[in-house]
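The following exchange examines how terms are applied to a protein model. Each answer sets a value against a definition and draws a conclusion.

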Amino acid sequence: MFKDSFKKLRSTKYLCILALFIALKIVVAYFKIPVGDNLNIYFTFVITAIECTIFGYGPSMVSGVITDILGYIVNPYPPFFPGYALSNVIAAFIYSLCFYKKQIKLSNIIIAKTLVNYIVNVLIGSLWSAILYSKAFIVYLTASAIKNTLLLPIEIIILYLVFKMMIPILQKRNLI
């Protein structure tokens with residue numbers, strides 16, 4: 001599966017599409033809803049999920065790192081921290097595991113979003129916030145757990161509706 005996904009990086013067509021996904025994630029990251037200290041609602045998860053469906057593990061994980069670096073260059077706040085790039089890589093891995101070369105079903109979406117929300121956003125994100133902002137890990141963990149638990153059903157519905165709309169288009173264009 002890894003070799004197969006990396007082969008797409010040899011194609012000009014797929015490199016251009018990947019570059020568009022990176023740009024799209026950077027732009028969409030500007031549209032956030034702040035809900036607390038270093039706690040925001042973002043919509044980049046939708047683009048990342050579609051990207052992972054098309055490209056799979058390798059390119060999507062590379063895209064996560066590039067997106068984090070370019071996103072910081074475009075908007076240097078908060079301070080650059082490589083942990084966030086690692087978070088993007090882990091999220092891309094999880095989405096790829098659930099969506100790449102698989103039939104997209106509600107169960108896959110629920111599993112992917114739950115894993116990303118609790119492993120990447122709550123656990124790892126709280127660790128990065130504690131390191132960067134010097135508050136206790138449990139403070140960030142609690143706030144993040146509440147936010148991600150409340151958002152989980154909404155994000156699952158959003159992802160389901162987007163996939164329902166996008167899958168026929170992606171299939172028609174032979175992208176999946």
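**Salt bridges and burial**

Three salt bridges are found when the whole structure, a predicted model, is searched.

Q: Why is the contact between the side chains of Lys-101 and Asp-4 called a salt bridge?
A: The term requires a side-chain nitrogen of Lys or Arg within 4 Å of a carboxyl oxygen of Asp or Glu. For Lys-101 and Asp-4 the N to O distance is 2.5 Å, so the pair meets the definition. Lys-101 lies in the loop between α5 and α6 and Asp-4 in helix α1, so the pair ties together parts that are 97 residues apart in sequence.

Q: Why is Lys-101 called exposed?
A: Exposed means over 50% relative accessible area. Lys-101 has 56%, and therefore counts as exposed.

Q: What makes Asp-4 partly exposed?
A: Its relative accessibility is 27%; this lies between the limits of 20% for buried and 50% for exposed, so Asp-4 is partly exposed.

Q: How do you know that Lys-25 and Glu-51 form a salt bridge?
A: Their closest N and O atoms are 2.9 Å apart, which is within 4 Å, so the definition is met. Lys-25 lies in helix α2 and Glu-51 in helix α3.

Q: Why is Glu-51 called buried?
A: Buried means under 20% relative accessible area. Glu-51 has 0%, so the term applies.

Q: What makes the pairing of Lys-113 and Glu-155 a salt bridge?
A: The N to O distance is 3.3 Å, within the 4 Å cut-off, and therefore the pair qualifies. Both Lys-113 and Glu-155 are buried.

Note on methods. Residues numbered from 1 in each chain as written. Predicted model: local features only at pLDDT ≥ 70, side-chain atom pairs only at ≥ 80, totals over all residues. Heavy atoms only, no water. Helix = DSSP H or I, 4+ residues; strand = E, 2+ residues; numbered from the N terminus. Buried < 20%, exposed > 50% of the residue type's maximum accessible area, 1.4 Å probe, protein only.
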